[in-house]
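User: Please examine the structure shown below and explain how its parts meet.

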There are 2 protein chains.
Amino acid sequence: MDHGNDLRFDRGEQMPERFRRQTSRLLGMTAAQASRVAQSAFASVGAHRWHYGVLAALDESGPGSQSQIADRTGIYRSDLVATLNELVEGGHIERSPDPSDKRRNIITMTETGRARLAELDRVTAGINEHILAPLDEAERERLFALLRRLNDHLSA
Amino acid sequence: MDHGNDLRFDRGEQMPERFRRQTSRLLGMTAAQASRVAQSAFASVGAHRWHYGVLAALDESGPGSQSQIADRTGIYRSDLVATLNELVEGGHIERSPDPSDKRRNIITMTETGRARLAELDRVTAGINEHILAPLDEAERERLFALLRRLNDHLSA
DNA sequence: ATACATCGTTAGTGTCACTAACGCAAATGG
DNA sequence: CCATTTGCGTTAGTGACACTAACGATGTAT
């Protein structure tokens, strides 16, 4: 029965109080856990986190070049390439050259992609529900607002 | 003026709303930013995030074996080795074999280590202040409590 | 005595954030 | 109009963090 050290879990125990008080640590740990939840949920339907971002961006802002997608999603151009390849392979998007600017590809969502997005919408709803389960609606809003403020501040 | 894509920053812009609503994403992004702040602050005094955890653990719970330190800090045994090497090299801790169990090393903090911890206490105070700057005391507490609840729930 | 668990250690995996540099195409400026 | 610069997609690589696997040496249990 090897349960020497399994996953990161901060069950009070005897962690140094100072350490626990480190916001960046608590934030990082919670993010890691949330990330694991999200990742495995996406993986269970053969998708990746980023697929959702790309499809949602295409749905909400329409077709665009790869760097536009990168800007909209916050995914790096370099990381986007593989993601788009996967989405093309799955028939969820199409990558066609822009006739008016030969450097560009235009990314468009297919019908299959639209269905996939609907599926991933459900998956993410499940993820959010799972992660935020212990909080009621008001608390979720509060958490969101607080994180947003930190985020905005740190981005400045 | 290349500001094509610099650091991850979520300045409203035209990110898909659904994407922005993803808690795991907001959490992850904020954590990444906080992590960057923490990392560079530690680096500016030649330290690593984990050094602080180890020294704080030793201070608060006294000397211990490497796996005890691992348990107390949440650092993996495997990652701990290099961290302890660095701390030994800096004269902040001592690694001596446990006479009563030859598999174990006993880790003790030195006087130098105690001074280092005081220094890193100041560094982390600065980090926390920087990260949490936009929030008042009550809001910080609220954020902390919310994150803790998520954390506890996800660890279950 | 044999089996099994634990300790420190080394090595390696996978993800995410991020940088560097490439060849090509397009916009810009003298 | 030609040269430089900027933007595009792409490949490769870095570094931190979380995490797994397996090792030899040493303890513990049956």
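Analyst: A polar contact is a pair of N or O atoms within 3.5 Å; within protein, one must be able to donate a hydrogen and the other to accept it, and residues adjacent in sequence count only if both atoms are side-chain atoms. This is a predicted model, in which local features need pLDDT of at least 70, side-chain atom pairs count only at pLDDT 80 or more, and totals for chains, interfaces and linings use all residues. Residues are numbered from 1 along each chain as its sequence is written, chains are lettered from A and ligands numbered from 1 in the order in which they are written, and side-chain values use heavy atoms, with hydrogens and water left out.

User: How far is a phosphate oxygen of DNA strand D from an N or O atom in the side chain of R49(B)?

Analyst: The backbone of S67(A) offers a polar atom 2.8 Å from a phosphate oxygen of DNA strand D. For the side chain of R49(B), the distance from an N or O atom to a phosphate oxygen is 3.0 Å.

User: How many residues surround DNA strand D?

Analyst: A residue is near a strand if one of its heavy atoms lies within 4 Å of it. The closest include R36(A) and H48(B), and the total is 23 residues.

User: What part of the atoms of DNA strand D that come within 4 Å of the protein is sugar and phosphate?

Analyst: One sugar or linking oxygen of DNA strand D lies 3.2 Å from a polar side-chain atom of D101(B). Sugar and phosphate account for 77% of the strand D atoms within 4 Å of the protein.
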